[in-house]
Each structure stands twice: as structure tokens, then as C-alpha cells.
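Below are my notes on the model you sent, as numbered points. They start with one helix and work outwards.

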Amino acid sequence: MPYPLTKSRLMTGLSCQKALWLSIHKPEVATPQSEAQNLRFILGNQIGERAREAFPEGILLEYDENVAKAIALTREAIEYGFPTLFEATFSTGTVFCRVDILTKLPDDSWHLIEVKSSKSVKDHYITDLALQAYVLKEQGLNLKKYSLHLLNGDHRCPNFGTLFVEHDVTKQVNARLPLIEQNITDLRAVLNQESEPDVLIGSHCKNPYACAFKDYCWQPLGKTIFHLPNFRGKQKDELIERRIVKLDHIPEDLPLTANAQTNVDLLLKEQIKIDTNAIQQELESLRYPLYFFDFETFGDPIPRFEGLGPYQQYPFQFSCHVLDAEGELEHHEYLHQDSYDPRIALTEAMLDVLKNQCLKEQVLKEQGTIIAYYATFEQSIIKGLADSLPQYAAELSNLLPRFWDQLLIFKKHYKHHGFMGSNSIKSVLPVIVPELSYKDLEVGNGEAAQYVWWRMIDTDDLEEKTRLRDGLLEYCKLDTLAMVEIHKHLNSL
Ligand code: SF4
């Protein structure tokens, strides 16, 4: 009995044969879906529902786990003459798929539409449509047109009718179709193998999809060329071609660029390189009180608030630790807890903290340095607020030159093998301030924070709301406390 192949399994296999094999033969080694992935799935469904609104004559064939039943229902709907079907199910007997939208053209042929939560056409979307087209054609459907309905980057809430843009990809799909049958045959052969395919790790582990088997494949390899910052291009390609990914397997006859060699040595020889003079000079530019500041943001694919476009980020939370010259620390925070637009309330709370901070009865106006980790992001959010809220634009713009980026210290002057080639605060903190950890927190990273916020504003269960709120407050507070502790560490060098 051949393994049943769904469209998503085939797409996985076309990206990595090993991932397909593992998904059938060793599914237990997959990392469970993250909260961010759950959120993407939910938001993706919302986009699908919204796209259907353009076809008021369409009927939704409700999801049924019983594939035979779903196929029979689709057949009935077609025979009955419905002009537009949502979530129709088709099967060749061994490969099955559900299609987002199938609608009749004037000449009675069919137009197959795939809805994606992206703003641009990607190559794997063409393969996705070609796979569906293969299955539908095998079932005798006369398909003439293939389209992608993607989010329109120019759409602004609350305009109606501009959320989606249709991209006619008929030519590209027709060009890909002849390859599909062979692709399926090849992937079937892979599934029949006794042992897992020998596939090297690479960029396909993250693109086009984050692979669920990344921990399984990557962790045993330890330090690899993918841990080298800014290592790309010809040299990397050459190593991959020679199937060399582990750092300690790089042959001596392959001269690396100076930068790559420095990073290889750092990781392999477990070096620590700190330019204390340069760090000291950077720290001298800071002006007290120091505001350690961090936003948590959300970007709805279907924008909810006025003036926002798809995925445009807006803040729903901030944390700010304020450190004065005598070493006294205060904490301020804001978390938006309702489903209405957070921007005004958050901006007022933020300006209150950053613009007019009282410490030890001394009124300090607009003078302290605002420290962020990857400050460009916080600055971009503030610029976005200034654009949407003209009444605060001047005060918000005044904040921008006060930012100082703690990340740059680690990019330029502080290298540690323990960071494993990353400068993110999640990589730096456990090495230099091991007693502070995100590990035991309910919310462990920014993507999880988005999901938790989304759930918090949606739930009517007060107990659940409180639990989620506390998790968010704890997480964001740790982000800025981490910066304070890193700052103290840098000062002590
Ligand atoms: S982690 Fe990479 S190599 Fe391993 S199965 Fe996934 S895509 Fe393939």
C-alpha cells in the first residue's frame, strides 16, 4: 500500500527529501509546532476566509477528515453545477489535495486560485499550484487559468476591496506541470527507502519553510559553517558542494577570507575577544538617566487599525528600566489589554516615561540616552507612530536621536565563542549574565509574545487573561532588565 501523499507532504519533499522521509517514518523526532506557527496557521485561515468574500456565489465544502467523504462531496457539488467551490477535495488515489478556490470561467472551464498570506509571488507557490493542477487534471477537470491571490502591500485599513491582488500565473504553472509526475515518482521512491536519505543541512532547512526536524539534523553537527556570521557566496557554496559543513572539517587547503577565518578560530578555539577601550569610548557617549527600552509589536496580515497595511507593525507593549547615575533602577511598563487600537494609549504612556522622567525628585527633561537592543527596530516603530499620530509627531521624532544601540557593541567590539555566531540578546545574555534566563518564562521570545497577546485580547476568560498578561509583563520586563545587566557587565570590563 503506497504511503498517502498530501500536497503539503509533497511540498515538504520537494524542499527536502529527508524531511519527507522523517515525516512518515520518524515523526516523533519533529519539534512540536511553536506558538508562532500556531498563530500563523490561525491568521492564514482568516485570510482564506476573507478571500472567499470576493465570490459571494461560492459554497464552502466543510472540512471533513474522512477524505473519501470529502471527495464525494466535491464531486456532488461539481455535478450539481455550483460555479465556485471553496476547499474542494480531489485525489488521484494516492495523492490528494484541497484547493482554496475553484471557480468556473465563462466557457465552463475552471480557474484554480490559491490564497497566500504573502505580499509577493514566490517560486514554491507555482509548484504548489502545479501539484494541485496535476491532481485535478488527473480527475478530468478542464483547468484553464491559475492565479495567486496575495495580500496587497498598498492596502490600508479600513479600505474595502483592496486587500487582495490577483496574480495570473497560468504560464508559469503550465511550464511546471510536466515535471510534477516525475517529482511524485521520485518522492515515492524516497519514501520506500529503508533508511533516511542522506541530505546535508542548508538554507532549505529554513526556506521556504522552517523545517520541523531542524533540531534533529542540526544539533548532532555542533558548530557548522552556518554559525559563521556573514559567511555566504562562493566559498560557502564550494564547501557545501564538497559536503563540508562542520567547522572542524574545513580543510586547510581552502583559504578562507580573513573575517571567516577569524570567526572559525573564535568558535573552534573557544576564544573571547573584547576591545575594552572601544567599549569604554562607546559607553562614554551615554547620558544619564539611561532608559533601557523595548517594544513588543504585532503586524496583522489583515490590518485592523486605521492607516495600517498588511503586516505593518504596531506596538502593544513596552518595558523601560530607568537607571540613574547613582545606580538606582526604576521600572515602567505598558501592556495594552483590549482589542481596540493600542497606539494612542501606548504613545502617551511611553512619552510620559521617556520624555519627562522624575528620579529622586529631580525633573529630567529629554536628556537621557534611550538604550535598545537593535535600536533600528524601536526607532522604526516610533517613526510609524509619528506617521499615524500627527498630534504626537514632534515629541516622538525628538526621541529618535536619543537612541543608542547595545547590539552594536557585540557586533563590533565583543566576540565570544559562546554566542555561537549570533549577536541576539537571547544568545548573548546566557553567556555573560547566566543567572538571568528566559528558559522558565511562560513567554520565551518575541514571536511567542505576539501569539500570547493575540490570545489575551481575544479571551473572555478572566483567569486565562490574567495568566497571559502576567506572562507578557514578565517577558518584556526581562528583556530590558537583561540590557541593564549587560550594561553593568560592559561597565565592569
Ligand atoms: S533540517 Fe534540513 S536537512 Fe534536516 S530534514 Fe529538515 S530540511 Fe532536511
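1. In this predicted model, the buried residues of α2 are covered by elements that include α1 (7–15) and α6 (170–191). The helix is mostly covered, with 7 of its 9 residues buried. Those residues are Gln17, Lys18, Ala19, Leu20, Trp21, Leu22 and Ser23. The list includes Lys18, a residue that also appears in the shell around the ligand.

2. Which element gives the largest share of the shell around the ligand? It is α2, with 3 residues. Both α2 (17–25) and α7 (214–218) supply at least two residues each. The full set around the ligand is Cys16, Lys18, Ala19, Leu22, Val199, Ile201, His204, Cys205, Cys211, Phe213, Lys214 and Cys217. By class, the shell has 9 nonpolar residues, 1 polar and 2 charged.

3. The ligand shell is shared between domains: domain 1 (5–191) and domain 2 (203–269) each contribute at least three residues. The domain assignment also gives a domain 3, covering 279–491.

4. The largest nonpolar core has 58 residues, and Leu112, Leu129, Ala130 and Ala133 touch the most other members. Helix α5 (residues 123–138) is the main contributor, with 9 residues. Domain 1 and domain 2 both give residues to this core, so it lies between them. Leaving out residues up to four places away in sequence, Ala133 touches Leu112, Leu143, Tyr146, Val173 and Leu177. A separate core of 50 residues has Leu290, Leu323, Ile381 and Leu385 among its members. As background, nonpolar side chains tend to be buried together in soluble globular proteins.

5. How many residues of domain 1 are in contact with domain 3? There are 17, and they meet 15 residues of domain 3. On the domain 1 side, helix α3 (residues 35–52) gives the most, with 8 residues. That side is made up of 8 nonpolar, 5 polar and 4 charged residues. The centres of domain 1 and domain 3, taken over C-alpha atoms, are separated by 39 Å.

6. For the chain as a whole, the count is 17 helices and 16 strands. Of its 493 residues, 31% count as buried. Along the principal axes, the C-alpha atoms fill a box of roughly 80 × 60 × 40 Å. Among contacts between residues at least 6 apart in sequence, 66% join residues at least 24 apart.

7. Some backbone geometry deserves a separate look. Most residues other than glycine have a negative phi, and most peptide bonds are trans. The peptide bond from Cys157 to Pro158 is cis, with omega near 10 degrees. Pro158 sits in the loop between β6 (143–151) and β7 (164–168).

8. A cis peptide bond also runs from Tyr288 to Pro289, with omega near -5 degrees. Is Pro289 buried or exposed? Pro289 counts as buried because 21 other C-beta atoms lie within 10 Å, the cut-off being 20 or more. Its place is the loop between α10 (276–284) and β9 (290–298). The C-alpha atoms of Pro289 and Gly327 are separated by 9.4 Å, although these residues are 38 apart along the chain.

9. Gly327 belongs to the hairpin of β10 and β11, which has 5 residues between the strands, and takes a positive phi near 95 degrees. Strands β10 (residues 314–323) and β11 (residues 329–335) pair in the antiparallel sense over 7 bridges. Within this pairing, Val322 has Glu330 in β11 as its bridge partner.

10. Two residues other than glycine with a positive phi should be checked against the displayed model: Glu87 and Tyr374. For Glu87, phi is about 60 degrees, and the residue is found in strand β3 (residues 84–91). Glu87 counts as buried because it has 21 C-beta neighbours inside 10 Å. For Tyr374, phi is near 70 degrees. Tyr374 lies in the loop between β14 (370–372) and α12 (375–388) and is partly exposed, with 16 other C-beta atoms within 10 Å.

Definitions and conventions: Residues numbered from 1 in each chain as written. Near = placed C-beta within 6 Å. Helix = DSSP H or I, 4+ residues; strand = E, 2+ residues; numbered from the N terminus. Nonpolar A, V, L, I, M, F, W, Y, C, P; charged D, E, K, R; others polar. Domains from an automatic or database assignment. Contact = placed C-beta atoms within 7 Å. Buried ≥ 20, exposed ≤ 12 C-beta atoms within 10 Å, placed from the backbone. Core = buried A, V, L, I, M, F, W, Y, C linked by C-beta atoms within 7 Å. Pairing = 2+ DSSP bridges.
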